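Let's take a walk through this one, starting with a residue in a loop and then moving on to the ligands and a couple of helices. Have the structure open as you read.

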Amino acid sequence: MSEINEILQKSHFSHADIVHMLGLQGKEKTCLFERAAQVKARGIGNRVYFRGLIEFSNICRKNCLYCGIRLDNRNVRRYMLSDDEIISAARFAAENRYGSLVIQSGEVESKSFTGRIENLLRNIHKATGGELRITLSCGEQEHETYKRWYESGAHRYLLRIESSNPELYARLHPRDNDHKFLRRIGCLNSLQETGYQVGTGVMIGLPFQTMDDLAGDLLFMEQFNIDMVGMGPYLEHNGTPLYELRHLLMPREERFQITLKMIAVLRIMMNDINIAATTALQAIDKMGREKAIKVGANVIMPNITPGNHRDDYLLYQDKPCTDENASDCKTCLEARIALADNEIAYGEWGDSGHFRKRNR
Ligand code: SAM
Ligand code: SF4
């Protein structure tokens, strides 16, 4: 018990400290979780912000080896929501006082895509009276594109680094010019320069991934001064090349537990950032997101994509709630968050406190 107590007294964790914490079990793990919960309660309070998630399109030019909607998966029914569908989902979010939206899609780089997102951003703000903060998650783009989207009203951007170890990153992606680790880093820099609140994250429990890699990921987030984080367990999809390596995976419950420890350690390291309780956690454990809220997460992304397209945005198998509509999703979440002794911060943007401090 004494080693964890000693580590928790430090003002800065070393790589070795983090590896140690990711391996904790039993009482020592409980001790870590309790500290993370205290840090959250004292720093940002036991409040959860909603971001209504719109899975805008599953059309993607990329072939990430883990992802169910990769270009080469021919068994995907491709779709792109209409402007009307998106605006009505945005109105639902505003009427239900969600405070924020996340618009996520596969990666498309084209003039028409850039222009369409620009118009959408302006039209969403018009239709909802500027009540919503909008986060985009549309992959790697040129600096100019990020700038145009920012100027049209997107103020947050999510781009996961997936793994901060360039060698592991290379094993998870095709080895070609469209899947370069350095471009991803360049994009994160470009987003920060443009003025976005920048979010990143990793998948946990990937084949070949070690505890050293995961500790490196948390230090990367700290060093990069990231404002928001979404981390979740890697979940296999049988339509992807990485599925062939499923015999190398640790059991799902273990991926789940390590994800909770990653969230807890990161909350202690960065007490003012926004950390999402991701849907992938719920795919393993029905109460997964609530457990993440208890150990430091403070953001939940209820899915408000029109129900008829939920099944077409399958990044991994066993995605939860694909047969529910937006109102079902909301009711179920309210009860669950109350169970985690947290309250929903309705009608608030919930900007990252870290972002505000970094821009003073
Ligand atoms: N296309 C954009 C991008 O890649 O940044 C945004 C959408 S992408 C589907 C969002 C995230 O889904 C990725 O960053 C990745 O971490 C996650 N993801 C993809 N396949 C996954 C899988 N099999 N298990 C868990 N997460 C996965
Ligand atoms: Fe496309 Fe994103 Fe999936 Fe990669 S993770 S294949 S970029 S949707």
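## A tucked-away loop residue

Asn 63 has a relative accessibility of 11%, so it counts as buried, the cut-off being under 20%. Keep in mind that what you're looking at is a predicted model. You'll find Asn 63 in the loop that runs between strand E1 (47-57) and helix H4 (83-95). So what does Asn 63 touch, once its neighbours within four places in sequence are set aside? The contacts are Arg 70, Leu 71, Asp 72, Pro 174 and His 179.

## Two ligands

Arg 70 turns up again around ligand 2, where its companions are Cys 60, Lys 62, Cys 64, Tyr 66, Cys 67, Ile 69 and Gly 106. Sorted by class, that shell comes to 5 nonpolar, 1 polar and 2 charged residues.

Tyr 66 also belongs to the surroundings of ligand 1: there are 18 residues around that ligand, and Tyr 66, Ser 105, Arg 160, Glu 162 and Leu 235 come nearest. Three of these residues have polar atoms that pair up with ligand 1, as listed here.

| Residue | Atom on the residue | Atom on ligand 1 | Distance |
|---|---|---|---|
| Tyr 66 | backbone N or O | nitrogen | 3.0 Å |
| Arg 160 | side-chain N or O | oxygen | 2.9 Å |
| Glu 162 | polar side-chain atom | oxygen | 2.6 Å |

On its own, ligand 1 would expose 560 Å², and the protein buries 93% of that. Its shell splits into 10 nonpolar, 5 polar and 3 charged residues.

## Helix H9

Now over to helix H9, which covers residues 211-223, 13 residues in total. From its first C-alpha to its last it reaches 18 Å, close to the 18 Å expected at 1.5 Å a residue. Which residues of H9 are buried? They are Asp 213, Leu 214, Ala 215, Asp 217, Leu 218, Leu 219, Phe 220 and Met 221. A handy thing to remember when you look down a helix: an α-helix has 3.6 residues a turn, so residues three or four places apart point the same way. Just past the end of H9, Asn 225 takes a positive phi of about 60°.

## A buried glutamate

Last stop is Glu 290, which sits in helix H12 (residues 288-294). Is Glu 290 buried or exposed? Its relative accessible area is 5%, so Glu 290 is buried. Skipping the neighbours within four places in sequence, Glu 290 is in contact with Arg 336 and Ala 340.

Notes
Residues numbered from 1 in each chain as written. Chains lettered and ligands numbered in written order. Predicted model: local features only at pLDDT ≥ 70, side-chain atom pairs only at ≥ 80, totals over all residues. Heavy atoms only, no water. Helix = DSSP H or I, 4+ residues; strand = E, 2+ residues; numbered from the N terminus. Expected span 1.5 Å × (residues − 1). Buried < 20%, exposed > 50% of the residue type's maximum accessible area, 1.4 Å probe, protein only. Near = heavy atom within 4 Å. Nonpolar A, V, L, I, M, F, W, Y, C, P; charged D, E, K, R; others polar. Polar contact = N/O pair within 3.5 Å; in protein donor to acceptor, adjacent residues only side chain to side chain. Areas by Shrake-Rupley, 256 points an atom, 1.4 Å probe, with all protein chains shown as cover. Contact = heavy atoms within 4.5 Å.
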